[in-house]
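User: I would like a close look at a single part of this model, with the cut-offs spelled out.

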Amino acid sequence: MSASPDFAAIIDVCEATTLDEAADRGGRLGWPAAPEDRDWRAGFERHNGGPVRVVGWRRAEREGDGLLSYWVASGRAPHRACSFATDRPGLLEALRDRFGPPDTIEEHGDIVSAFWRRGEAEVAFTRVGTSSGLNIARPG
C-alpha cells in the first residue's frame with residue numbers, strides 16, 4: 001500500500017523548525033484550525049513548568065479523521081514537538097519513505113510501535129487497530 005500524499009505534507013509540518021514555519025506549512029493543508037484545548041494547555045504548563053505555544057488543525061469533523069498539533073514549550077523541558085492522529089492507513093509507510101527503516105519496531109497482534117532517532121529528532125509511531133499516532137520531538 002502506498003503512503004497517502006497528505007502524509008508527506010503532514011510530516012513536513014512536523015519537521016518545521018519554528019512555530020511560524022509550522023503554521024505556514026499547516027495552513028497549506030487546507031484543514032480548518034483546531035480549537036484550542038485549554039485543559040490540555042493548562043495541564044501541559046503545570047507539568048512542564050512553563051508556557052507553551054500551540055497551533056493545530058483538524059482534517060474533518062469526524063473523530064479519528066486527522067488531528068495535527070505543533071507546539072513549542074519552555075520550562076523544565078524546553079522542546080518543540082508535533083503530534084498527529086489518524087485512522088487512515090499509510091502513515092507508517094510514509095514515515096519509512098521519509099526516515100528509512102525504523103531503529104526499532106515491535107509488533108504484537110494489532111499493535112505496532114516504531115521509533116527513529118534522526119539527529120536530535122525522536123520520531124515515534126504507534127498503531128492500535130486502525131488508529132495511528134505520530135509524535136516528533138526535538139530539544140527546544
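In which strand does phenylalanine 84 lie, and what surrounds this residue?

Analyst: This is a predicted model, in which local features need pLDDT of at least 70 and side-chain atom pairs count only at pLDDT 80 or more, while totals for chains, interfaces and linings use all residues. Residues are numbered from 1 along each chain as its sequence is written, and side-chain values use heavy atoms, with hydrogens and water left out.

Phenylalanine 84 belongs to strand 3, residues 79–86, where strands (E, at least two residues) and helices (H or I, at least four) are DSSP runs numbered from the N terminus. Phenylalanine 84 counts as buried because its relative accessibility is 1%; buried means under 20% relative accessible area, exposed over 50%, and partly exposed in between, with a 1.4 Å probe and protein chains only.

Leaving aside residues up to four places away in sequence, phenylalanine 84 touches Phe7, Ile10, Trp31, Gly66, Leu67, Leu68, Leu91, Ser132, Gly133 and Leu134, a contact being heavy atoms within 4.5 Å. Between phenylalanine 84 and threonine 126 there are 11 Å in space, C-alpha to C-alpha, with the two residues 42 apart in sequence.

Burial also appears in helix 2, residues 19–27, where Leu19, Ala22 and Gly26 are buried. Seen down the axis of helix 2, these buried residues fall within an arc of 60°, so they line one face of the helix, the arc being that of the directions from the helix axis to the C-beta atoms.
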